[in-house]
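Please open the model in your viewer and keep the selection tool at hand. The stops below are arranged so that each selection leads to the next.

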Amino acid sequence: MSDKDFREFDPDEKSTTDISDEVIEEVTGQEIKRDKADHEDKPTEFCYICHRPDNIAGPLIKMAPGMSVCRDCMQHTFDSMGGFGFSGGDNSKSNVDMNKIPNISFLNLGSLFGEGPKVKNAHGATSQKAEDRPAPAIDINNIIPPHKIKAMLDEYVVGQDYAKKVMSVAVYNHYKRVATGTMDDIEIEKSNMLMLGPTGSGKTYLVRTLARLLDVPLAITDATSLTEAGYIGDDIESVVSKLLAAAGNDVERCQQGIIFIDEIDKLAKKKNTNQRDVSGESVQQGMLKLLEGADVEVPIGASSKNAMVPTTTINTRNILFICGGAFPAMDEIIKARLNKHSSMGFMADLKDKYDDDKNILQKVTVEDLREFGMIPEFIGRLPIVFATEMLDEDMLVRILKEPKNAIIKQYQKLLELDEVKLDFEDEALHAIARKALDKKLGARGLRSIIEEFMLDIMYEIPKDDNIGQVIITEDYIEKKGGPRILVRTTGMIPEKAAAN
């Protein structure tokens with residue numbers, strides 16, 4: 001530094017040019033306007049932790065929609081975690097072991113490096129102009145009518161004609177309501193359903209097949225894991241979070257999906273108890289707004305809310321809720337109501353009149369559900385109540401061989417890959433159905449029974465190339481004999497014979 005860098009200051013000297021004015025003059029008027037325009041176009045963002053604006057804290061790190069953190073807070077966070085196995089100096093992606101962060105293992109920090117979860121808004125994108133938004137996913141002219149829905153269900157589900165008819169009409173009306181919104185200022189309420197039925201009667205399979213045919217996202221959850229907010233267990237909003245994940249984080253597609261809550265009978269309020277029912281009546285009360293339609297904040301990529309987990313808002317107004325359950329002991333409640341008028345006299349009904357009625361659940365009423373333990377407000381938001389039929393031997397035999405993906409066809413396809421033909425005698429199918437009825441597992445017991453008898457066959461076939469056909473007999477199912485096996489020289493498959 002030389003003497004030329006200093007000058008003598010005279011207070012009496014009137015300077016027309018101030019030092020600050022000299023600095024300002026170096027900036028042209030156009031640059032000032034451009035800086036102002038850039039500052040006005042860019043909205044002010046605040047740090048999620050220290051709440052400082054970006055013009056003070058500097059550029060913010062985007063962690064999730066609506067959640068940004070400044071570099072100072074991020075650096076302090078990693079510095080405080082130095083004792084948990086983080087390498088110092090370089091905070092690069094390769095040096096950070098996210099599994100060693102305690103209590104926030106579910107945090108997705110991929111967004112720090114440009115790999116955050118992409119959540120589509122209700123129009124399928126994060127930023128789109130109104131004229132660029134796609135058309136609604138559901139068109140009133142393209143909704144499948146009820147008779148076609150039932151016809152498609154008939155290809156996969158055997159029996160249950162009444163249940164399929166009820167579900168087809170309810171789904172048709174629901175998506176008409178979604179496509180049209182309001183009509184003549186008359187708001188159409190949702191067609192939520194309550195489905196009763198014994199174990200293995202096809203309740204879950206019906207809903208899963210229906211969602212696949214309609215090409216809508218489906219979330220299946222178990223009511224036994226749901227608890228009141230603040231207690232150990234899944235929150236009620238977690239069912240919507242599962243639907244969002246099934247929709248690929250597409251909000252619009254999620255808001256038109258189906259949620260199936262199984263084991264809903266486990267939410268019945270408990271009798272003769274003085275403790276707080278956090279997993280029964282309280283859950284029913286918490287689900288009221290969800291069933292009716294409300295804005296719900298759900299976490300993205302996690303099952304529970306947390307300050308470090310990004311969230312999004314889902315409106316459940318157009319989500320179809322289907323609740324199902326076996327409702328054990330409901331048959332006794334229905335019998336007690338039906339026998340209430342049975343007394344003495346020639347016209348009186350016998351008290352054991354309904355003991356042999358296998359489909360007595362189809363006579364259920366709202367009063368029976370209230371007696372079982374469901375609160376009136378919850379029942380009122382499930383206006384469609386129906387029951388599936390009890391499966392008999394003939395229906396189980398039809399389930400074995402008629403649907404497109406029947407169990408028998410699956411095993412025939414497996415053996416066909418080994419160039420072996422598999423056949424079942426009709427008497428063998430009836431024997432399998434009788435065993436399933438004895439186990440009281442419904443259609444679920446069919447697969448386990450067949451798997452037991454097919455184990456040895458599927459084990460031996462790959463070892464012997466001479467086996468050309470296997471016929472399952474009734475004696476083999478009843479363990480009185482073995483299957484009929486035809487070798488290729490005497491009973492070759494037609495395709496194999498044509499090839500030779």
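Begin with strand E3 (residues 193-196) and strand E8 (residues 320-325), which run parallel and are joined by 4 bridges. Within this pair, methionine 193 stands opposite isoleucine 322 of E8. Helices (H or I, at least four residues) and strands (E, at least two) are DSSP runs, numbered from the N terminus; two strands pair if DSSP finds at least two bridges between them.

The model is predicted: local features need pLDDT of at least 70, side-chain atom pairs count only at pLDDT 80 or more, and totals for chains, interfaces and linings use all residues. Residues are numbered from 1 along each chain as its sequence is written, and side-chain values use heavy atoms, with hydrogens and water left out.

**The parallel sheet**

Extend the selection to the open sheet of 5 strands, whose order is E4-E5-E8-E3-E9 and whose pairing is parallel. At its edges are strand E4 (218-222) and strand E9 (384-387), each of which pairs on one side only. On average, neighbouring strands of this sheet are turned by 20° against each other, direction ignored. Such angles run from 0 to 180 degrees between N-to-C directions, and the axes are lines fitted to C-alpha atoms, for helices over the stretch in contact.

Next, add helix H8 (residues 238-246), which lies across E4 and strand E5 (258-262) and runs at about 145° to E4.

**Helices H5, H6 and H7**

Now select helix H6 (residues 161-180) together with helix H7 (residues 203-214): their axes come within 12 Å and cross at roughly 40°. H6 and H7 are therefore oblique to each other; angles under 35 degrees count as roughly parallel, over 145 as roughly antiparallel, 65 to 115 as roughly perpendicular and the rest as oblique. The crossing of H6 past H7 is right-handed, a term used if the near helix is turned clockwise from the far one by less than a right angle, and left-handed if anticlockwise. Display the side chains in contact (heavy atoms within 4.5 Å): H6 contributes Ala163, Lys164, Met167, Val171 and Tyr175, while H7 contributes Leu206, Val207, Leu210 and Leu214. This contact of H6 with H7 has 8 nonpolar, no polar and 1 charged residues. In this classification, Ala, Val, Leu, Ile, Met, Phe, Trp, Tyr, Cys and Pro count as nonpolar, Asp, Glu, Lys and Arg as charged, and the others, Gly among them, as polar.

Keep H6 and add helix H5 (residues 146-154), which packs with H6 at an angle of about 135°, the axes being 8 Å apart. H5 and H6 are therefore oblique to each other, and H5 passes H6 in a right-handed crossing. From H5 the contact involves Pro146, Ile149, Lys150, Leu153 and Asp154, and from H6 it involves Asp161, Lys164, Lys165, Ser168, Val169, Val171 and Tyr172. By class, the contact of H5 with H6 comprises 6 nonpolar, 1 polar and 5 charged residues.

**Two residues to centre on**

Which residues does alanine 163 touch, not counting residues up to four places away in sequence? Centre on alanine 163 in helix H6 and the neighbours are Leu206, Phe386 and Thr388. Alanine 163 counts as buried because its relative accessibility is 2%; buried means under 20% relative accessible area, exposed over 50%, and partly exposed in between (1.4 Å probe, protein chains only). A distance label between the C-alpha atoms of alanine 163 and alanine 387 will span 6.8 Å, although these residues are 224 residues apart along the chain.

Move then to glutamine 160, in the loop between H5 and H6. Is glutamine 160 buried or exposed? At 2% relative accessibility, glutamine 160 counts as buried. Its phi is near 55°, a positive value in a residue other than glycine. Most residues other than glycine have a negative phi.

**The mixed sheet**

Select the open sheet of 3 strands, ordered E10-E11-E12, in which the pairing is mixed. Strand E10 (421-424) and strand E12 (484-487) stand at the edges with a single partner strand each, so one side of each has no neighbour in the sheet. E10 and strand E11 (residues 467-472) run parallel and are joined by 4 bridges, and lysine 421 has glutamine 469 of E11 as its bridge partner.

Finish at lysine 479, in the loop between helix H19 (474-477) and E12. Lysine 479 also has a positive phi, of about 60°, although it is not a glycine. At 62% relative accessibility, lysine 479 counts as exposed.
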